[in-house]
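The exercises below ask you to work from the sequence and the coordinates together, and each task is followed by a solution in steps. Please try each task before reading its solution.

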Protein chains: 2
Amino acid sequence: MNYFSSNFKLGILGGGQLGKMLLAETRKFDIQTYVLDPSNDAPCKIACNVFVQGSLMDFDTVYNFGKQVDVLTFEIELVNVAALEKLESEGKKVYPSPKTLKNIQNKGIQKDFYVQNNIPTTNFKHYPTTKKLIIDIIDNNIKMPFVWKCTEFGYDGNGVKIVKSISDVENLPNIECIAEEMVPFKNELAVIMVRNVSGDIKSYPVVEMEFHPEANQVEYVLCPARIDDTVALKAIEIALKVSETFNHVGLLAVEMFQTQNDEILVNEVAPRPHNSGHHTIEASYTSQFENHLRAILDLPLGNTNSKAAGIMVNLVGEAGFSGQVVYENIEKIMAIDGVTPHIYGKRETRPFRKMGHVTIVNENMMEARKIAEEVKNSIRVISGQSQ
Amino acid sequence: MNYFSSNFKLGILGGGQLGKMLLAETRKFDIQTYVLDPSNDAPCKIACNVFVQGSLMDFDTVYNFGKQVDVLTFEIELVNVAALEKLESEGKKVYPSPKTLKNIQNKGIQKDFYVQNNIPTTNFKHYPTTKKLIIDIIDNNIKMPFVWKCTEFGYDGNGVKIVKSISDVENLPNIECIAEEMVPFKNELAVIMVRNVSGDIKSYPVVEMEFHPEANQVEYVLCPARIDDTVALKAIEIALKVSETFNHVGLLAVEMFQTQNDEILVNEVAPRPHNSGHHTIEASYTSQFENHLRAILDLPLGNTNSKAAGIMVNLVGEAGFSGQVVYENIEKIMAIDGVTPHIYGKRETRPFRKMGHVTIVNENMMEARKIAEEVKNSIRVISGQSQ
């Protein structure tokens, strides 16, 4: 198959920042792209060949979009899976497959999948409604604190709640959910796996995540994780098992907990480019975005090793600011060696909205970590005027 | 000045591969771009915000294009300088300045500039026409062999000819030219300099170039050059002097000869992203394209050090093939660790046309050089059907 400067067409469902960074790679290889997104202001609107405005959840829109392209992928899980299934049944190449997506989209099914396949995960209970969970609490069948998660449409802090007392659940939406045991952990880790159509698999080094205590969004991602080699090896082995079990095509970001006893428990996965892999653009021989592309086009996978230590800092909208974005002190952080801002192209900031990220690359992890903190303390995503 | 996700507009004259790689950086920072190019198929057409089709040599076209933007730059020297001068005189920011461009555009003026400023360069004579040069040959005033170069519009093997006997010049166009002494050299070297509006200057490491014997196009660029530290230091010092003397804003690629006696002689310069700096995308902390952008926007310059050794292999159209391009064996080279192809997006190949390049990055230069040769011997830029 000739993908390069040819008539081949890649379709991407979703036109957000992940798609935008994927388009940097399709441009590098001169691969034609079609992008579908509901917003006419989507970050992907520039740099794709054809932009289609439309709903990712509407069967006809997704189906008709898919018919126009040779290979279809997505940068967001919230897409119409039935349309993908129909396209696949008609012979269209859809990567990752709708089957993989179905196993992942619903967190309850995803957790059940781990149990069925002997993949270590935190203990959990799966409920059809939050009301049923409340009954279990009243009946003393569940130990507090635990983590409430809605099984669908939840990501990045929406749809996740730490429950310490019954009052914490009373105002939650009455939807399908899981109650997950709270594991006191040393670290939150992640491994990005990539698997191409032929079944070749590679893993990126283990990364370590530090979360913002309030917003429940990743604040720093450190690569490599500052953990023992034996723990890193265990994490890679488990991520490899997860990858083989899902039998996915493309990227699979495997998020894990390292417990106090150095056990590794799988938290959740995402079958797409992931926030925990953004540092790979600067720090790795092959970025996660390039490797996703290689995987879904069944090209050989690129080297996943690092050229240097990398840290990623998320740029989220400062609380109290909404409107036309200003990246305060961006010049100041750009004066530091090895610091690269990525601006996602959203004109309007809102509190905690993901607006960009900054990568810090350095030969030395200690030095990189110091710079990351300086970056974090300097740059602010605000608007021209505070509210 | 707020460049990021703002109303600020950067204009780029020229929409070829250098512009395309520059747009990867403007997309990363979400800086709005306007591109002017005569071809409606220009590689830059995608990924800029506004594409204008028009002549780069036409005064009105360039002037009217420039009026629409806040800062104007170029990716090719062959532009209407009078229009740039008028724009600058009206207060428009044009980087590099028309003055820098004038000192460089004409190779005779460029060489005179080196002599005036005590910058070591090869001996040369400047002729208004090739006929005057022929008279000098007949009068025995010039030693053969020498290099004939037309002073304007010559680049990449066009407009350059090694003259061994009078019959070599007889068929050359009768235009303004220089005759340059042929220096037996050990190496062709280059240093990319970057200088921002505030006058901060940084240099990239010295690279070594290997030319294709027939096409006179660069075949390999190696970073760092395999030369003694003292020679490298001398090359950097001279490049720094060149940069300070030109007082340019943006990139300045300084091509040099290392003679048999380890003298450094300046060959020529280019005030824009350069073929000898393409490896910086993967090998350096900051690519030449990002640093050009930082320079012309007066942002702090990025770290020019390397993360690893880098080699660039040009992908030029194979002799004997014209038409719809096919990158034969591209999958084979992508299977090698640290190999990244860049495809410029030209649908049609022609003999020796620059179609792309491949970067090889490795911790070890010896290993990188071995891989580069494997790459060179594997990939072929051909068309669907041979002529």
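A salt bridge is taken here as a side-chain nitrogen of Lys or Arg within 4 Å of a carboxyl oxygen of Asp or Glu. The model is a predicted one, and the exercises should be read with that in mind.

**Exercise 1. The interface of the two chains**

Task: Find which side chains meet in a salt bridge at 3.7 Å, N to O, and describe the side of chain B that touches chain A by class.

Solution.
Step 1. Begin with the extent of the interface: 49 residues of chain B are in contact with 49 residues of chain A, and the area buried between the two chains is about 4,000 Å², with carbon and sulfur atoms giving 53% of that area.
Step 2. Then look for charged pairs, of which the count between chain B and chain A is 2 salt bridges; one of them joins the side chains of Asp337(B) and Lys202(A), at 3.7 Å from N to O, and this value falls within the 4 Å cut-off.
Step 3. Widen the search to polar contacts, where the rule finds 18 residue pairs across the interface, both residues being at pLDDT 80 or more.
Step 4. Assign the chain B side to its elements: those that give two or more residues are α1 (17–29), α10 (288–296), β17 (323–328), α11 (330–334), β18 (339–343) and β20 (354–362) of chain B, and β18(B) gives the most, with 5 residues.
Step 5. Sorted by class, this side of chain B has 22 nonpolar, 13 polar and 14 charged residues.

**Exercise 2. A nonpolar core and a covered helix**

Task: Establish which residues touch the most other members of the largest nonpolar core, and how many residues of helix α10 of chain A are buried.

Solution.
Step 1. The largest nonpolar core has 100 residues, and among these Ile360(A) and Ile360(B) touch the most other members.
Step 2. List the contacts of Ile360(A) beyond four places in sequence; they include Ala309(A), Ile311(A), Val313(A), Val339(A), Ala368(A), Ile371(A) and Val375(A), and also Gly310(A) and Gly338(A).
Step 3. As background, nonpolar side chains tend to be buried together in soluble globular proteins.
Step 4. Turn to α10(A), residues 288–296, where 9 of the 9 residues are buried; the buried residues include Glu290(A), His292(A) and Arg294(A) as well as Phe289(A), Leu293(A) and Ile296(A).
Step 5. Past the helix, note Asp298(A), which follows α10(A) and has a positive phi, near 55°.

**Exercise 3. Two polar residues in chain A**

Task: Decide whether Thr151(A) and Ser243(A) are buried or exposed, and give their surroundings.

Solution.
Step 1. Thr151(A) is found in the loop between β7 (146–150) and β8 (160–163) of chain A, and its relative accessible area is 2%, under the 20% that marks a buried residue.
Step 2. Leaving out residues up to four places away in sequence, Thr151(A) touches residues including Gln105(A), Lys107(A), His126(A), Glu176(A) and Cys177(A).
Step 3. Ser243(A) has its place in helix α8 (residues 229–246) of chain A and is buried, with a relative accessible area of 0%.
Step 4. With the sequence neighbours again set aside, Ser243(A) touches Met193(A), Arg195(A), Ile201(A), His248(A) and Leu252(A).

**Exercise 4. Salt bridges within a chain**

Task: For the pairs Glu318(A) with Arg380(A) and Glu85(B) with Lys102(B), state which elements are joined.

Solution.
Step 1. For context, the structure holds 46 salt bridges over all chains.
Step 2. The side chains of Glu318(A) and Arg380(A) meet at 3.8 Å, N to O, and the pair links distant parts of the chain, with Glu318(A) in the loop between β16 (309–316) and β17 (323–328) and Arg380(A) in strand β21 (residues 380–383), 62 residues apart.
Step 3. Both ends are partly exposed, Glu318(A) at 28% relative accessibility and Arg380(A) at 29%.
Step 4. In chain B, the closest N and O atoms of Glu85(B) and Lys102(B) are 3.0 Å apart; Glu85(B) lies in helix α3 (residues 81–89) and Lys102(B) in helix α4 (residues 98–105), so the salt bridge ties together parts that are 17 residues apart in sequence.

How values were computed. Residues numbered from 1 in each chain as written. Chains lettered and ligands numbered in written order. Predicted model: local features only at pLDDT ≥ 70, side-chain atom pairs only at ≥ 80, totals over all residues. Heavy atoms only, no water. Core = buried A, V, L, I, M, F, W, Y, C linked by side-chain atoms within 4.5 Å. Buried < 20%, exposed > 50% of the residue type's maximum accessible area, 1.4 Å probe, protein only. Contact = heavy atoms within 4.5 Å. Buried area = accessible area lost by both parts, 1.4 Å probe. Polar contact = N/O pair within 3.5 Å; in protein donor to acceptor, adjacent residues only side chain to side chain. Helix = DSSP H or I, 4+ residues; strand = E, 2+ residues; numbered from the N terminus. Nonpolar A, V, L, I, M, F, W, Y, C, P; charged D, E, K, R; others polar.
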